[in-house]
Amino acid sequence: MDEYRFYALISRMRNITRWGLMRNTFKENVQEHSHMVAVLAHGLALIRRDILGLAADPERCATAALFHDASEILTGDLPTPIKYYNPEIKKAYKQVEHISATKLLKMLPEGLQDSYAPLIYEDDETVHDIVKAADKLSAHIKCIEELKGGNTEFESAAKQTHQALEQMHLPEVDWFMEHCLPAFGKDLDQLE
């Protein structure tokens, strides 16, 4: 009998903590983060398609977002300041991520590998851009929530993630930031 370990490893995303170098008021793991990125990617794709009238596949974006950090199961979550410290490290880490993704795909039956490959590798440019934006948006929302909880450790990260979102020049991100993002700074009573 063949044994495939892909799904068992995916379930371990919950064991990988994000924001390891920062003091957190609440912990976030890769599984929680991936869920929020999927929600945001789906929303951004819907905004792109249904409000802005541009091409997008919300379901594909949401599914790709669920797996966007899957390679971290094997690599761990490398802190952003290290991951993007210089072009050589960034390139090397991209190679490590690719090798990890390939290793994960090989843990599936051959009949499923072709279906998962585009999700794991994010080979569609529009899907990739939306998932990347949702990933950055999720990081920015984490910063907003930490600041709302009085954790000033996230001030610089909040400014950097906000600036990165603006520099993406994606109309669906701009729309979300104008119409949806302010609500994340409100308390529960203000949201009702």
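Visitor: How much surface does the protein chain expose, and what share of it do carbon and sulfur atoms supply?

Guide: In this predicted model, the protein chain exposes about 11100 Å², of which carbon and sulfur atoms supply 52%. On the other side of that account, buried residues make up 40% of the 192 residues in the chain.

Visitor: How are the charges of the protein chain placed, taking the mean positions of the positive and the negative ones?

Guide: There are 21 positive and 31 negative charges in the protein chain, and their mean positions lie 5 Å apart.

Visitor: What does the secondary structure of the protein chain come to?

Guide: The chain has 11 helices and zero strands, so that its elements, read from the N terminus, are α at each place in the run. The radius of gyration is 17 Å, close to the 16 Å that the globule rule gives for 192 residues, and the chain is therefore as compact as a globular protein of that length. Along the principal axes, the C-alpha trace spans about 55 × 40 × 35 Å.

Visitor: Among contacts between residues at least 6 apart in sequence, what share joins residues at least 24 apart?

Guide: For the protein chain that share is 68%.

Visitor: Which residues touch the most other members of the largest nonpolar core?

Guide: As a general idea, nonpolar side chains in soluble globular proteins tend to be buried together. Here the largest nonpolar core holds 43 residues, and those that touch the most other members are Phe6, Leu44, Phe67, Tyr116, Ile120 and Leu137. Several helices each supply at least two residues of this core, including helix H1 (6-10), helix H2 (30-51), helix H7 (110-121) and helix H8 (125-148). Isoleucine 120, leaving aside its neighbours within four places in sequence, is in contact with Phe6, Phe67, Ala70, Ala101 and Leu105. There is also a second, separate core of six residues, among them Trp19, Ala139, Ala157 and Ala158.

Visitor: Is serine 138 buried or exposed?

Guide: The way to read this is to compare the relative accessibility with the cut-off for buried, which is under 20%. Serine 138 counts as buried because its relative accessibility is 4%. Serine 138 is found in helix H8, and, not counting residues up to four places away in sequence, it touches Glu28, His33, Met36, Val37 and Leu40.

Visitor: Where is serine 100 placed, and which residues is it in contact with?

Guide: Serine 100 lies in helix H6, and its relative accessibility of 4% means that serine 100 counts as buried. Leaving aside neighbours within four places in sequence, serine 100 is in contact with Ser71, Leu74 and Thr75.

Key: Residues are numbered from 1 along each chain as its sequence is written. This is a predicted model: local features need pLDDT of at least 70, side-chain atom pairs count only at pLDDT 80 or more; totals for chains, interfaces and linings use all residues. Side-chain values use heavy atoms; hydrogens and water are left out. Helices (H or I, at least four residues) and strands (E, at least two) are DSSP runs, numbered from the N terminus. The radius of gyration is taken over C-alpha atoms; the globule rule is 2.2 Å times the number of residues to the power 0.38. Buried means under 20% relative accessible area, exposed over 50%, partly exposed in between (1.4 Å probe, protein chains only). Contact means heavy atoms within 4.5 Å. Accessible areas come from the Shrake-Rupley method with a 1.4 Å probe; for residues, only the protein chains shown count as cover. Lys and Arg count as positive and Asp and Glu as negative; His and the chain ends are not counted. The place of a charge is taken as NZ of Lys, CZ of Arg, CG of Asp or CD of Glu. A nonpolar core is a set of buried Ala, Val, Leu, Ile, Met, Phe, Trp, Tyr and Cys residues joined through side-chain atoms within 4.5 Å.
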